[in-house]
Amino acid sequence: MPTDHSGLVARLGRLTAAALAALVLWLPARACLGQTALEDVNENSKYYLLTLSGLAGKKSFQGVRGMLVLSAAPPDSNNNYVVTINGWPEDNGVNTFVWNSKDSQMESLSGRMTCRIANSYSVSPNIFFFHLSPALFKREGMLTQREGERIRRVLKEALPTKVQAVAGELTLDFTGQQVTGQVWMNGYDFVEKANVRYRATFQGELTGELKSSRRVRNNE
């Protein structure tokens with residue numbers, strides 16, 4: 001006689017229904033958390049301390065810190081919010097990036113924001129990243145002790161190269177007191193004389209007001 005699987009099918013049906021019901025409840029709750037985080041911006045700016053990891057050119061990095069400031073947009077803005085991101089504690093730190101949402105096109109819905117660099121031939125966007133150009137570390141002969149010391153000195157004293165972004169996209173997800181996101185940019189490194197791509201993912205938590213300093217040469 002054929003085996004009766006009707007009981008198993010019924011149980012699977014109940015489990016599937018329960019899972020769908022939980023998902024239906026979870027999605028609006030998550031969207032509500034994100035929307036609440038954005039609605040509160042109408043009164044005060046919000047500061048998030050970020051931790052980044054990714055690739056600058058061919059070099060990977062992790063544990064880089066950044067700062068995100070979320071503010072209400074002025075009445076004449078085309079965007080719903082103002083997002084500013086830069087490095088922290090140094091706003092020109094190695095493998096950090098700078099994003100100013102006023103120079104990008106923004107879409108926002110239920111706690112998610114997407115910003116894309118707006119193409120313009122008249123004004124360069126105030127969006128860029130910093131990295132150590134490989135040209136700074138090219139050998140000047142054999143890898144002797146003296147050459148090794150020179151490279152270590154460059155690592156310690158060289159200022160990161162600023163690479164202006166010509167294309168890029170930033171995505172942010174706000175949930176409660178946290179934010180996660182990812183960014184990519186393409187630009188031209190005039191020191192290396194080559195196109196460079198920057199990619200990073202990050203996460204951050206709401207904090208108090210933060211300020212960054214500017215990295216300078218040791219002898220300045």
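Which side chain makes a polar contact with the side chain of Ser104? It is the side chain of Trp99, at 3.3 Å. Keep that pair in mind. One caution before we go on: this is a predicted model.

Let's stay with Ser104. This residue sits in strand β5, which covers residues 104-109. Is Ser104 buried or exposed? Its relative accessibility is 7%, and buried means under 20%, so Ser104 counts as buried. Now its surroundings. Leave out residues up to four places away in sequence. Ser104 then touches Asn79, Trp99, Cys115, Arg116, Ile117, Ala118 and Ile127.

Trp99 takes us to the core. The largest nonpolar core has 33 residues. Which of them have the most contacts inside it? They are Phe97, Trp99, Leu170 and Tyr198. Many strands feed this core. At least two residues come from each of β1 (46-56), β2, β3, β4 (97-100), β6 (112-117), β8 (161-175), β9 (178-189) and β10. Strand β8 gives the largest share, five residues.

Look at Phe97 next. Again, skip residues up to four places away in sequence. Phe97 touches Leu52, Ile85, Asn86, Gly87, Phe128, Phe129, Leu170, Val183, Met185, Tyr198 and Phe202. Two of the core residues I just named, Leu170 and Tyr198, are among them.

Asn86 is also on that list. Where is it? Asn86 lies in strand β3, residues 81-87. Its relative accessibility is 14%, so Asn86 counts as buried too. The side chain of Asn86 has a polar contact of its own, with the side chain of Ser212, at 3.1 Å. Beyond neighbours within four places in sequence, Asn86 is in contact with Gly66, Met67, Asp91, Phe97, Val98 and Ser212.

Last stop: the largest pocket. How much space lies in it? About 380 Å³. Its lining has 16 residues. Nearest the centre are Ala56, Lys59, His131, Leu132 and Pro134. Two elements give two or more residues to the lining: β2 (59-72) and β10 (194-207). Strand β10 supplies the largest share, four residues. By type, the lining residues split into seven nonpolar, five polar and four charged.

Notice the link between pocket and core. Strands β2 and β10 help line the pocket, and each also supplies at least two residues of the largest nonpolar core.

To recap. Ser104 pairs with Trp99, and Asn86 pairs with Ser212. Ser104 is buried, and Asn86 is buried. Phe97 touches Asn86, and Phe97 is one of the residues with the most contacts inside the core.

Key: Residues are numbered from 1 along each chain as its sequence is written. This is a predicted model: local features need pLDDT of at least 70, side-chain atom pairs count only at pLDDT 80 or more; totals for chains, interfaces and linings use all residues. Side-chain values use heavy atoms; hydrogens and water are left out. On a 1 Å grid over the protein atoms alone, a cavity is a set of points where a 1.4 Å probe fits but cannot get out, and a pocket is an open set with protein on both sides within 12 Å along at least five of seven lines; lining residues have an atom within 4 Å of a point. Grid points are joined across faces, edges and corners, and a volume is the space filled by probe spheres set on the points. Ala, Val, Leu, Ile, Met, Phe, Trp, Tyr, Cys and Pro count as nonpolar, Asp, Glu, Lys and Arg as charged, and the others, Gly among them, as polar. Buried means under 20% relative accessible area, exposed over 50%, partly exposed in between (1.4 Å probe, protein chains only). A polar contact is a pair of N or O atoms within 3.5 Å; within protein, one must be able to donate a hydrogen and the other to accept it, and residues adjacent in sequence count only if both atoms are side-chain atoms. Contact means heavy atoms within 4.5 Å. A nonpolar core is a set of buried Ala, Val, Leu, Ile, Met, Phe, Trp, Tyr and Cys residues joined through side-chain atoms within 4.5 Å.
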